Every structure is written in C-alpha cells, then in structure tokens.
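Load the model, show side chains as sticks, and follow the stops below in order. Each stop says what to select and what is there.

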Amino acid sequence: QVQLVESGGGLVQAGGSVRLSCAASGTIFTINTMGWYRQAPGKQRELVATITTDGRTNYAGSVKGRFTISRDNAKRTVYLQMNTILPEDTAVYYCNADMFAGSRWGDYWGQGTQVTVSS
C-alpha cells in the first residue's frame, strides 16, 4: 500500500518554529514533485511550497522567507521547516507527491497534520 505519512505538527507559539516531515512508503518507482499544502478552518486548501526532484522550490507568497521546503530523495521524505510562525499559519498541513507507484502515476496525499499557533 502506497502511503504518505506526515509527522511533526502540534501546538506552537507565535514566533516559534516547527519542522514537518512526510515519508513516502510502499511500492514506489518514481517520485517527481513533492509539496506541502494547508487548509485552515473554513478555507480552501492552498499551496504552501513545492520542490522538484532536482531541488527547485516554489513558495506561496505568505510563507516566503519564513518556511523552507527540502527533501531527501534516498529517504523518500520531504520536510517543511516553519520559522517565525504566525497565528494565521494555523491549519492542517498536507503532504503531496506526484509518484509512479504500484502500477500508475498519481497525485498522492497524506492524511494531514495539525499545526496550531498560539498567540
């Protein structure tokens, strides 16, 4: 079974830092772009950051300069280092990967990890 499993969320004070991790497991042949998205209560899911296999990154304007996405291809893991966290960063954070797994290319999602920022 192909899975993306996130970890690292929780309660964080405003101005603090937290690191999210997401590991892909299962019968996976190729992983292309990996990324993080988030969904705050009452809002649509939005892009946070993406990273290609060769390390090219893209960030939402609201997190640029504060968050850093990285990946370890050997570990099939993507990370999101969140610094100078703001209350408006409170959301469920979802990992996403474009992968050839099992017998198909697909857009895979993790189950989400909650990040709550206290002011």
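**Stop 1: aromatic pairs**

Select Trp109, which is partly exposed at a relative accessible area of 35%; buried means under 20%, exposed over 50%, and partly exposed in between, with a 1.4 Å probe and protein chains only. The model is predicted, so local features need pLDDT of at least 70 and side-chain atom pairs count only at pLDDT 80 or more, while totals for chains, interfaces and linings use all residues. Residues are numbered from 1 along each chain as its sequence is written, and side-chain values use heavy atoms, with hydrogens and water left out.

Rings of Phe, Tyr and Trp (its six-membered ring) pair if their centres lie within 6.5 Å; planes under 30 degrees apart count as stacked, over 60 as edge-to-face and the rest as tilted. By this rule there are three aromatic pairs. Select Phe29 and Phe100: the ring centres are 5.6 Å apart and the planes stand at 45°, so this pair is tilted. Phe29 belongs to strand E4 (residues 28-39) and Phe100 to strand E9 (residues 91-101), so the pair links distant parts of the chain, 71 residues apart. Strands (E, at least two residues) and helices (H or I, at least four) are DSSP runs numbered from the N terminus. Phe29 is exposed at 53% relative accessibility, whereas Phe100 is partly exposed at 25%.

Return to Trp109 and add Tyr37: the ring centres are 5.0 Å apart with planes at 65°, so the pair is edge-to-face. This pair too links distant parts of the chain, with Tyr37 in strand E4 and Trp109 in strand E10 (residues 104-109), 72 residues apart. Then add Trp105 to the Phe29 and Phe100 selection; these three residues form one aromatic cluster.

**Stop 2: charges over rings**

A charge sits over a ring if NZ of Lys or CZ of Arg is within 6 Å of the ring centre and within 35 degrees of the ring normal. Select Arg19 and Tyr79: the charged end of Arg19 is over the Tyr79 ring, 4.0 Å from its centre. Next select Arg45 and Tyr94, where Arg45 lies over the ring face at 3.7 Å from the centre.

**Stop 3: the nonpolar core**

Which residues have the most contacts inside the largest nonpolar core? Select Trp36, Leu80, Met82 and Tyr93, which have the most contacts in this core of 31 residues. A nonpolar core is a set of buried Ala, Val, Leu, Ile, Met, Phe, Trp, Tyr and Cys residues joined through side-chain atoms within 4.5 Å. Colour by strand: among those that each supply at least two core residues are strand E3 (18-25), strand E5 (46-51), strand E7 (67-72) and strand E8 (77-82). E9 gives the most, with six residues.

**Stop 4: salt bridges**

There are four salt bridges in the structure, each a side-chain nitrogen of Lys or Arg within 4 Å of a carboxyl oxygen of Asp or Glu. Select Arg38, which is buried at 6% relative accessibility. Arg38 forms a salt bridge with Glu46, the closest N and O atoms being 2.7 Å apart; Glu46 is partly exposed at 37%. Arg38 also meets Asp89 in a salt bridge, 2.9 Å from N to O. That pair links distant parts of the chain, Arg38 in strand E4 and Asp89 in the loop between E8 and E9, 51 residues apart. Asp89 is buried at 1% relative accessibility. Add Arg66 to see the network of salt bridges that links Arg38, Glu46, Arg66 and Asp89.

Now select Asp54 and Arg56, whose side chains meet in a salt bridge at 3.2 Å, N to O. Asp54 is exposed with a relative accessible area of 57%, and Arg56 is exposed at 55%.

**Stop 5: Arg71**

Keep Asp54 visible and select Arg71, found in strand E7. What is the nearest side chain of opposite charge to Arg71? The nearest is Asp54, 7.3 Å away, and Arg71 is buried yet has no salt bridge; in this count Lys and Arg are positive and Asp and Glu negative, with His and the chain ends not counted.

Show the backbone of Ile51: the Arg71 side chain reaches its oxygen at 3.2 Å. Then add Asn73, whose side chain is joined to that of Arg71 by a polar contact of 2.6 Å. A polar contact is a pair of N or O atoms within 3.5 Å; within protein, one must be able to donate a hydrogen and the other to accept it, and residues adjacent in sequence count only if both atoms are side-chain atoms.
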